[in-house]
Amino acid sequence: MKIFNDPIHGHMELHPLLVKIIDTPQFQRLRHIKQLGGVYLVYPGASHNRFEHSLGVAYLAGCLVKTLHDNQPELKITKQDILCVQIAGLCHDLGHGPFSHAFDGLVIPKAKKIKTTKGLPDDIPEKWKHEQMSVQMVDDILKSLKAENEDVLKEHGLDDKDVTFIKELIEGAKTAEVPTDSPYKGRDKDKSFLYEIVANKQNGIDVDKWDYFARDCHHLGIRNSFDHQRLLRFVRVCEVKERKHICFRDKEADNVYDMFRTRYTLHRQAYQHKIANIIEDMLAEALIRADRDLHEGKPKDMLKISEAIKTAEDYSKLTDEIFEQILSSTADNLKEAREILNKIIRRKLPKFVGEARLTEKNISKEKLPETWKDAVEKYKSTDPTVSLKAEDFSVHVVDLDHGMKDKNPIEHVYFYSKRKPNEASPIKDYQLSSFLPKRFNEELVRVYYEITDGNKEEEKKKVEEAEKCFHIWCDSKFGL
């Protein structure tokens, strides 16, 4: 075992095979991808990378599966099961691109749209996600390890079925309710609970979240009220609806709710921060403007960005360093991308006008830009020197929830009692705090003033007038 000293989990012991994977260029690349993308440009402490998060997830995956192994020998968890779960935890984020979620959430969908509009060949898969790339990167790592030692997996008791299992763990269960015959090839129905450790599609409680809640809170300077170490002490596998699930002690329901609440707080204060979001939009726009695959003839002085997702070799070269690459380039074709990044550096960002909650459930988000445009055109400025133009503004809608859209995530978690440790069921309402919210999601509408290179004094006056217009718009139920 090799020991890593981590600021979150202390001394972490990792298996020699995990160390072999860590010591590959494909994995070391994660040192150059910020965990929180553009959030680092708002929170100066959030400089941590995907590298240390991945080590933390591998360590916690090991802790959880070993706890189950020690407490419930009847589950027949093997050394191979433990190792596979740890490798999946280690490799689950290998597929992240520059600026983490900004790449698969903003850049790739935008690139696909542009290719369709321009009639360019479009080979970007529908709903492409970083997990798909993680699986490709795992294949690439194993290929390079086998080139050095053909029996590298055999030496640790792993075979092709285990490799399939690792990939299934990374992609997460396709369905929350697995039928009697397991749809997985890696493990059969008796081991279905193992699919809930790294990427849990049943209720969202997994070691990936446990690590990034603790790590992100630490680096952001936000208090974390959720205690994953305590939850580890009260974890068991119980059979519910003919399937084995990871369950928790009933008295831990409030701690589990704190986990979902922490997720909401992090999204509200950091991941969906009003300035961080606008910076990530600008970063995505810069990458789109620098992408040679979105132009006829693929100009040589532009960068391989959206087409890099085709091969693990090209994708390995894609990291946050692309920011400096664009900034330091002198290519004419990268001029637009350079200008956007220069604006970020000089803090010439769109000005935040206002934010409001969408209280009505049936509000059509698509109509908001139109109704804002109408509001601006009808608005009578209180300052005769200022006139507002609708095209100078942008409208954004942000979704915030507890992990399961409008559902209460606690309803999807199974709990056991001290007297019946092998029977589990969802928690009853009367066992939960009456202070829990009635709604578990909300939508925010934000308006920004986009002109960033005008006269400062004039800009200030326009934003002040826009704020007044924004309040009128909100009072009119957004013109709907």
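**Exercise 1.** How are H3 and H4 oriented to each other, roughly parallel or roughly antiparallel?

*Solution.* A quick heads-up before we start: this is a predicted model.
- Step 1: grab the geometry. Helix H3 (residues 50-71) packs against helix H4 (residues 79-91) at an angle of about 155°, and their axes are 7 Å apart.
- Step 2: apply the cut-off. Angles over 145 degrees count as roughly antiparallel, so H3 and H4 are roughly antiparallel to each other.
- Step 3: add the hand. H3 and H4 cross in a right-handed way.
- Step 4: look at who meets whom. From H3 come residues including Leu55, Ala58, Val65 and Lys66, while the H4 side includes Ile82, Val85 and Leu90. Sorted by type, the residues of this contact are eight nonpolar, five polar and one charged.

**Exercise 2.** Work out which strands stand at the edges of the sheet S5-S9-S6, and why one side of each is left without a neighbour.

*Solution.*
- Step 1: read the order. This open sheet has three strands, S5-S9-S6, with antiparallel pairing.
- Step 2: count partners. Strand S5 (351-358) and strand S6 (393-401) each have a single partner strand, so each has one side without a neighbour in the sheet.
- Step 3: check the twist. On average, neighbouring strands here are turned by 20° against each other, direction ignored.
- Step 4: zoom in on one pairing. S5 and strand S9 (residues 441-449) are joined by seven bridges, and leucine 358 has glutamate 443 in S9 as its bridge partner.
- Step 5: add the helices. Helix H10 (residues 253-271) lies across S5, S6 and S9, at about 165° to S6. Helix H16 (residues 456-475) also lies across S5, S6 and S9, running at about 10° to S5.

**Exercise 3.** Describe the pairing in the sheet S3-S4-S7-S8.

*Solution.*
- Step 1: this open sheet has four strands in the order S3-S4-S7-S8, and the pairing is mixed.
- Step 2: strand S3 (235-240) and strand S8 (424-426) are the edge strands, each pairing on one side only.
- Step 3: the average turn between neighbouring strands is 50°, direction ignored.
- Step 4: for a parallel pair, take strand S4 (residues 243-249) and strand S7 (residues 414-416), with two bridges. Arginine 249 sits opposite tyrosine 416 in S7.

**Exercise 4.** Is lysine 115 buried or exposed?

*Solution.*
- Step 1: place lysine 115, which lies in helix H5 (residues 101-118).
- Step 2: compare with the cut-off. Buried means under 20% relative accessible area; lysine 115 has 0% relative accessibility, so lysine 115 counts as buried.
- Step 3: list some neighbours. Leaving out residues up to four places away in sequence, lysine 115 touches Asp122, Asp123, Asp293 and Ser306, among others.

Methods: Residues numbered from 1 in each chain as written. Predicted model: local features only at pLDDT ≥ 70, side-chain atom pairs only at ≥ 80, totals over all residues. Heavy atoms only, no water. Pairing = 2+ DSSP bridges. Axes fitted to C-alpha atoms, helices over the stretch in contact; angles between N-to-C directions. Contact = heavy atoms within 4.5 Å. Buried < 20%, exposed > 50% of the residue type's maximum accessible area, 1.4 Å probe, protein only. Parallel < 35°, antiparallel > 145°, perpendicular 65-115°, else oblique. Left-handed = near helix turned anticlockwise from the far one by under 90°. Nonpolar A, V, L, I, M, F, W, Y, C, P; charged D, E, K, R; others polar.
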